[in-house]
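Biologist: Please take one part of this model and go through it closely, strand by strand. Then follow its contacts outward to whatever packs on it.

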Amino acid sequence: MTNTVTDTHCPYCALQCGMRLRATDTGTVEVAERPAFPVNRGALCGKGRTAAAVLSPAARLTEPLVRDAPGGRLRPAGWPEALDRAARGLAAVRERYGADAVGVFGGGGLTNEKAYQLGKFARVVLGTPHIDYNGRFCMSSAATAHRRAFGLDRGLPFPLEDVPGTGCLILVGANPAETMPPALRYVRELRERGGTLIVVDPRRTRTAEQADLHLQPRPGGDLALALGLLHLIVADGHVDEEFVATRTTGWERARATAMAHWPERVEGLTGVPVPQLREAARLFGTARTGMVLTARGAEQHSKGTDTVGAWIDLCLATGKAGRPYSGYGCLTGQGNGQGGREHGQKADQLPGYRSITDPAARAHVAGVWGVDPDSLPGPGRSAYELLDGLGRDGGARALLLMGSNPVVSAPRAAHVTERLRALDLLVVCDLVLSETARLADVVLPTAQWAEETGTTTNLEGRVILRHRALAPPDGVRTDLWVLRELAARLGVTHGFPDDPEEVFAELARASAGGPADYAGIDHRRLRSGTGVFWPCPAPDHPGTPRLFLDRFATPDGRARFAAVTHRPAAEEPDAGHPLHLTTGRVLAQYQSGAQTRRVPELNAAAPGPFVELHPRLARRLAVAEGDPLAVTSRRGRAVAPARITDTIRPDTVFMPFHWPGEGRANTLTNPALDPASRMPEFKVCAVRVERVGEAPRFGDEAGAGAPLGESPPTGTPAPVDQAGHR
């Protein structure tokens with residue numbers, strides 16, 4: 001393999017930056033730039049540059065593990081024993097309780113082939129409706145609002161290269177400077193060309209520091225803010241009446257709801273001063289073109305769908321949608337957050353973004369799968385509802401989990417940990433011994449991004465091919481191989497190939513004619529280019545980089561106004577919990593840290609959790625920099641050192657969510673669900689903050705001294721071993 005160079009893509013965020021892997025004569029690979037790939041043009045963040053570090057056998061699982069008795073230790077096992085244990089356990093639960101007692105939980109980092117095959121496995125082999133994935137916690141509110149307004153959900157309806165050409169860009173709850181740094185060049189180029197940047201965020205982030213105008217609302221205030229801006233757009237005469245009349249429906253209701261949100265009322269609801277509201281409305285309303293891009297800060301709320309709908313309304317009212325250099329988009333988070341929500345690992349969905357309740361969709365997919373449409377189960381429970389029901393009557397008693405770490409990443413995480421412990425069987429497929437894997441009865445070590453070929457779909461809707469650069473360690477198998485072997489042991493010996501090219505070809509047939517149509521894409525086509533934008537219904541179709549320029553994807557071709565109104569967060573501060581908590585990411589870590597917490601360079605930059613608070617609040621609490629703080633919500637308590645900064649609102653504290661242990665932010669977060677998207681309210685809850693005497697433990701958990709895989713006492717989180725959400 002000496003001097004072999006493979007063009008591929010980063011395993012982390014939804015940019016899916018192009019990179020090159022250069023194999024060495026020692027059997028390792030080195031990351032190099034790939035300037036020809038248009039999304040990042042060679043630029044890589046620290047996570048991308050160090051991505052190969054996790055390929056080391058020392059940083060990962062290299063053999064299956066099984067647990068012989070509840071509370072016992074995980075021990076090494078061969079593949080036949082581990083697969084037999086998993087299959088027997090799944091079959092036993094299904095026989096005793098029925099197919100609905102088996103659940104499947106996937107991940108937004110899985111390739112399109114894996115996500116597709118996992119959904120097929122759940123419905124054809126297990127016969128269960130209960131499959132969902134951690135992407136429900138990421139983009140589901142934006143996806144729901146997108147479909148309601150435009151009839152189609154693709155994160156960005158235009159390529160990133162269009163962003164510098166817009167006249168005014170509003171980023172809402174988005175911090176690409178830290179979450180996807182190579183994308184920040186597009187923002188800089190926009191400003192160099194004379195465009196205006198408005199950032200909406202309760203914190204003055206690195207992204208907000210680039211802004212011409214930074215609006216700093218209270219957490220949970222984004223819906224009221226959007227409605228207040230729409231009110232001013234109407235009052236100041238910036239509505240594009242011709243566009244509204246010819247390309248939209250529902251304007252009168254939307255206008256009426258917006259007019260109930262006058263500037264002074266919105267200042268009271270959000271804390272954003274009226275002059276700033278007026279300036280934002282002027283900048284966006286007078287710009288010839290404009291874009292609004294949201295991310296988790298606006299979406300991870302119990303009103304996230306309505307919030308995104310209100311920002312879409314702002315675009316529609318000003319004629320800034322369905323036109324060049326204009327539109328609404330979602331900055332998708334996970335590596336395959338877009339493709340992962342299109343091909344069947346969601347509770348209500350079949351491949352091609354088809355609805356599982358649509359008889360025509362069921363018939364089409366069943367035909368591809370060679371099964372009776374009536375044999376396919378209906379909709380299942382959404383992600384948090386699935387996790388909340390584990391081990392209970394009527395809930396799943398066995399769970400197959402692939403590429404996710406809900407012990408760290410789920411809201412109300414201590415409760416979710418208890419539910420995972422209540423299962424009769426937990427089977428985890430992962431590349432590391434994550435906190436969730438440590439609770440499992442069977443752990444199956446799977447290949448990483450550089451060790452297998454597969455496709456992902458980035459935030460632009462660009463379908464790309466990751467190429468295998470090296471073989472996995474001897475004791476490691478691919479997820480597709482695992483599904484094939486489990487299917488065979490459960491009596492289904494056909495229809496589950498482990499060749500990703502063969503799986504993708506079937507995915508393309510299953511998606512044909514659906515909203516996310518991949519019928520014209522195959523691995524061969526992807527090998528020779530920089531990706532293909534869906535929809536792409538035929539091999540001779542060029543793909544669709546820009547959506548909605550002629551019509552929207554609704555039956556009449558018109559976009560729909562949302563006509564929403566402000567409502568408070570599910571949990572507001574009170575005397576016992578007087579502050580807002582919001583959560584998010586830091587530059588050097590990713591999600592719950594499965595890979596990044598294993599990379600020394602990244603750990604040196606971000607070694608543990610912290611509590612960010614304003615100097616005014618720190619003085620009130622008599623807190624100094626680095627003092628241990630206890631943050632308490634109605635769901636639990638987390639402890640981390642103080643980080644004092646004037647970049648955050650005085651009524652708000654911030655915690656990053658990458659770590660387990662005492663500093664686990666998701667111990668605190670609220671699982672209140674958006675009624676449409678079923679998104680939990682990660683981004684705001686009520687807390688109190690107190691100084692504590694004992695220094696916090698960052699990278700360790702109660703029970704961390706237990707031997708490999710031994711379950712700690714009930715009610716405490718699992719030990720760390722520097723693992724997390726893939």
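Modeller: Two strands count as paired if DSSP finds at least two bridges between them. By that rule β8 and β9 are partners, running parallel and joined by five bridges. The model is a predicted one, and the part to look at is the sheet around this pair.

The sheet is open and has five strands, in the order β10-β9-β8-β12-β13, with parallel pairing. β10 (213-215) and β13 (327-330) are the edge strands; each has a single partner, so one side of each has no neighbour in the sheet. From one strand to the next, the twist averages 15°.

Strand β9 covers residues 196-200 and pairs with β10 in the parallel sense through three bridges. On the β10 side, valine 199 has histidine 214 as its bridge partner, and isoleucine 198 is bridged to leucine 213. On the β8 side, leucine 197 of β9 has leucine 169 opposite it. Five of the five residues of β9 are buried, so the strand is largely enclosed by the rest of the structure. This holds for both directions: Thr196, Ile198 and Val200 point one way, Leu197 and Val199 point the other way, and all are buried.

Next come the helices. Helix α13 (residues 304-317) packs on the sheet and touches β8 (168-172), β9, β12 (290-294) and β13; the direction of α13 makes about 155° with that of β13. Both α13 and β13 also receive the buried residues of α4, which pack against α12 (296-299) and β22 (559-560) as well.

α4 itself is mostly covered, with nine of its eleven residues buried. Among the buried ones are Ser140, Thr144, His146 and Phe150. Histidine 146, in this helix of residues 140-150, has a relative accessibility of 0% and therefore counts as buried. The side chain of histidine 146 makes a polar contact of 3.4 Å with that of aspartate 153. Leaving out residues up to four places away in sequence, histidine 146 touches Gly151, Leu152, Asp153, Arg154, Gly155, Ile312 and Tyr328. Of these, glycine 151 comes just after α4 and takes a positive phi of about 80°.

Phenylalanine 150 carries the contacts further. With residues up to four places away in sequence again left out, phenylalanine 150 touches Ile312, Leu316, Tyr328, Phe548, Phe552, Ala553, Thr554 and Ala559. Phe150 is also one of the residues that touch the most other members of the largest nonpolar core, which has 80 residues; Ile170, Trp251, Trp311 and Tyr328 are the others. Helix α7 (residues 222-235) gives the most to this core, with nine residues. A second, separate core of 58 residues includes Leu169, Ala177, Leu331 and Trp659. Leu169 is the residue already noted opposite leucine 197.

A last point concerns the cysteines. Cysteine 138 counts as buried because its relative accessibility is 9%. The closest cysteine sulfur to that of cysteine 138 belongs to cysteine 330 and lies 9.4 Å away, too far for a bond. Cysteine 536 is buried too, with a relative accessible area of 0%. In the structure as a whole there are zero disulfides.

Conventions. Residues are numbered from 1 along each chain as its sequence is written. This is a predicted model: local features need pLDDT of at least 70, side-chain atom pairs count only at pLDDT 80 or more; totals for chains, interfaces and linings use all residues. Side-chain values use heavy atoms; hydrogens and water are left out. Helices (H or I, at least four residues) and strands (E, at least two) are DSSP runs, numbered from the N terminus. Axes are lines fitted to C-alpha atoms, for helices over the stretch in contact, and angles run from 0 to 180 degrees between N-to-C directions. Contact means heavy atoms within 4.5 Å. Buried means under 20% relative accessible area, exposed over 50%, partly exposed in between (1.4 Å probe, protein chains only). A polar contact is a pair of N or O atoms within 3.5 Å; within protein, one must be able to donate a hydrogen and the other to accept it, and residues adjacent in sequence count only if both atoms are side-chain atoms. A disulfide is a pair of cysteine sulfur atoms within 2.5 Å. A nonpolar core is a set of buried Ala, Val, Leu, Ile, Met, Phe, Trp, Tyr and Cys residues joined through side-chain atoms within 4.5 Å.
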